[in-house]
Amino acid sequence: MFRLDGRVAIVTGSGSIRGIGRTIALTLAEQGAKVVVADLNIEGIQDTVNAIQEAGGEALGVELNVTSKESNEAMVEKVLQAYGRIDILVNNAGISQKVTVADMSLEDITRVFNVNMFGLFLCTQAVLQPMKEQKYGRIINLSSVSAKRGGGVFGGPHYSASKAAVLGFAKNLAREVALDGITVNSVAPGLVNTDIWKSLPEEQAQSVIAGIPMGRPGETKEITAAIAFLASEEASYITGEEIDINGGSHM
Ligand code: NAD
């Protein structure tokens with residue numbers, strides 16, 4: 001069940017060495033997908049590609065800046081040349097910044113929206129045509145618990161707003177492409193055990209954990225299992241939905 005053999009998956013932001021995107025790429029490859037590792041970070045791309053290949057999977061690294069229409073279109077072209085189809089897009093690339101509304105500049109909010117929302121839009125738009133022609137597609141977006149309850153220790157108000165925008169965008173798109181065989185869903189992780197979490201001072205970490213009923217951050221694998229499911233054929237009747245994965249910190 002939930003195999004992805006023969007499927008071609010693009011994962012943006014998967015060149016992050018200890019981030020969620022890398023585990024998404026590895027998980028989809030384990031399930032049999034050919035994975036396109038797309039990121040700004042060239043060294044990180046190679047690292048994820050190597051990890052997938054060492055595990056016996058198939059991967060293609062492509063440099064991508066999601067904020068550029070040309071870069072998204074060039075990536076889609078490369079993927080179609082290499083594999084002839086695009087079945088799955090995971091919009092994972094994202095940036096954050098800890099700042100208050102009082103201190104936030106227009107440049108700050110523009111930078112965060114440029115990647116988290118406008119970049120997601122450009123990348124999604126670039127894959128729609130091939131997915132429509134195939135009459136098959138799975139688009140999965142990374143939102144965040146902070147879209148629903150406000151930012152925590154890491155994200156600012158612009159981050160929360162951008163991740164809430166993703167949810168509204170996904171629901172509209174889900175309606176738009178429902179008859180094309182394309183589903184559009186989102187996952188909203190709570191705090192995940194990545195480098196940024198490890199960098200938190202002990203006292204602050206304890207106060208964050210106190211707000212999580214399960215008493216710990218999530219592991220990247222606990223996020224990617226849901227993504228692999230939403231990417232599968234078995235999830236064919238789920239669209240416009242979001243899955244909260246947060247240890248109970250928002251119910
Ligand atoms: P990360 O910073 O480790 O990785 C993000 C990746 O995106 C990096 O490799 C970076 O190079 C890439 N990227 C940034 N800008 C880009 C651009 N313009 N074009 C292409 N790639 C770009 O982040 P993470 O912690 O692994 O988070 C991954 C996703 O999950 C993000 O969307 C984030 O908002 C979301 N999320 C994370 C957490 C968490 O606790 N880590 C919680 C909720 C949601």
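Begin the tour of this predicted model by selecting strand β1, residues 8–12, together with β4; the two strands pair in the parallel sense over three bridges. Within this pairing, select Ala-9: its bridge partner in β4 is Ile-88.

**The sheet**

Extend the selection to the whole sheet. It is open and has seven strands, in the order β3-β2-β1-β4-β5-β6-β7, with parallel pairing. Its edge strands are β3 (58–63) and β7 (242–245), each of which pairs on one side only. On average, neighbouring strands of the sheet are turned by 15° against each other, direction ignored.

Return to β4 and display its side chains. Ile-88 and Val-90 point one way from the strand, whereas Leu-89 and Asn-91 point the other way. All four of these residues are buried.

Moving on along the strand order, β4 and β5 pair in the parallel sense over four bridges. Here Leu-89 stands opposite Ile-139 of β5. Next, select β5 (residues 137–142) with β6 (residues 182–189): six bridges join these parallel strands. One residue to pick out is Leu-142, whose bridge partner in β6 is Val-187.

**Helices against the sheet**

Keep β6 in view and add helix α9, residues 220–230, which packs on the sheet. Helix α9 touches β4 (88–91), β5, β6 and β7. The direction of α9 makes about 170° with that of β6.

Now select helix α2, residues 42–54. This helix lies across β2 (34–39) and β3, and it runs at about 175° to β3.

The next helix to select is α1 (20–30). How many of the residues of α1 are buried? The count is 10 of its 11 residues, and the helix is mostly covered. The buried residues include Ile-20, Arg-22, Ile-24, Leu-26 and Leu-28. To see what covers them, display β1, β2, α2, β3, β4 and α9, against which the buried residues of α1 pack. Just after α1, select Gly-32, which takes a positive phi of about 110°.

**The nonpolar core**

Next, colour the buried nonpolar residues. In soluble globular proteins, nonpolar side chains tend to be buried together. The largest nonpolar core in this model has 57 residues, and those with the most contacts inside it are Ala-9, Val-11, Leu-28 and Val-35. Helix α4 gives the most to this core, with eight residues.

Centre the view on Val-35. Leaving aside its neighbours within four places in sequence, Val-35 is in contact with Ala-9, Val-11, Ala-25, Leu-28, Ala-29, Ile-52, Gly-57 and Ala-59.

**The surroundings of the ligand**

Which residues are closest to the ligand? They are Gly-13, Ser-16, Gly-19, Gly-94 and Val-192, out of 28 residues that surround it. The elements that give two or more residues to this shell are α1 (20–30) and α4 (106–134). By character, the residues of the shell divide into 11 nonpolar, 16 polar and one charged.

From Gly-13, move to Asn-41, found in the loop between β2 and α2. These two residues are 28 residues apart in sequence and 8.3 Å apart in space, C-alpha to C-alpha. Leaving aside its neighbours within four places in sequence, Asn-41 is in contact with Gly-15 and Ser-16. Asn-41 is partly exposed because 17 other C-beta atoms lie within 10 Å, a count that falls between the limits of 12 or fewer for exposed and 20 or more for buried.

**Two further loops**

Select Ile-86, in the loop between α3 (69–83) and β4. Is Ile-86 buried or exposed? It counts as buried because it has 26 C-beta neighbours inside 10 Å. Not counting residues up to four places away in sequence, Ile-86 touches Val-8, Ile-10, Val-76, Val-79, Leu-80, Val-127, Pro-130 and Met-131. For a distance to draw in the viewer, take Ile-86 and Ile-109: they are 23 residues apart in sequence and 31 Å apart in space, C-alpha to C-alpha.

Finish at Lys-135, in the loop between α4 and β5. Lys-135 counts as exposed because it has 10 C-beta neighbours inside 10 Å. Its backbone also merits inspection. Most residues other than glycine have a negative phi. The phi of Lys-135, however, is near 60°, a positive value in a residue other than glycine.

Key. Residues numbered from 1 in each chain as written. Predicted model: local features only at pLDDT ≥ 70, side-chain atom pairs only at ≥ 80, totals over all residues. Near = placed C-beta within 6 Å. Nonpolar A, V, L, I, M, F, W, Y, C, P; charged D, E, K, R; others polar. Core = buried A, V, L, I, M, F, W, Y, C linked by C-beta atoms within 7 Å. Contact = placed C-beta atoms within 7 Å. Pairing = 2+ DSSP bridges. Axes fitted to C-alpha atoms, helices over the stretch in contact; angles between N-to-C directions.
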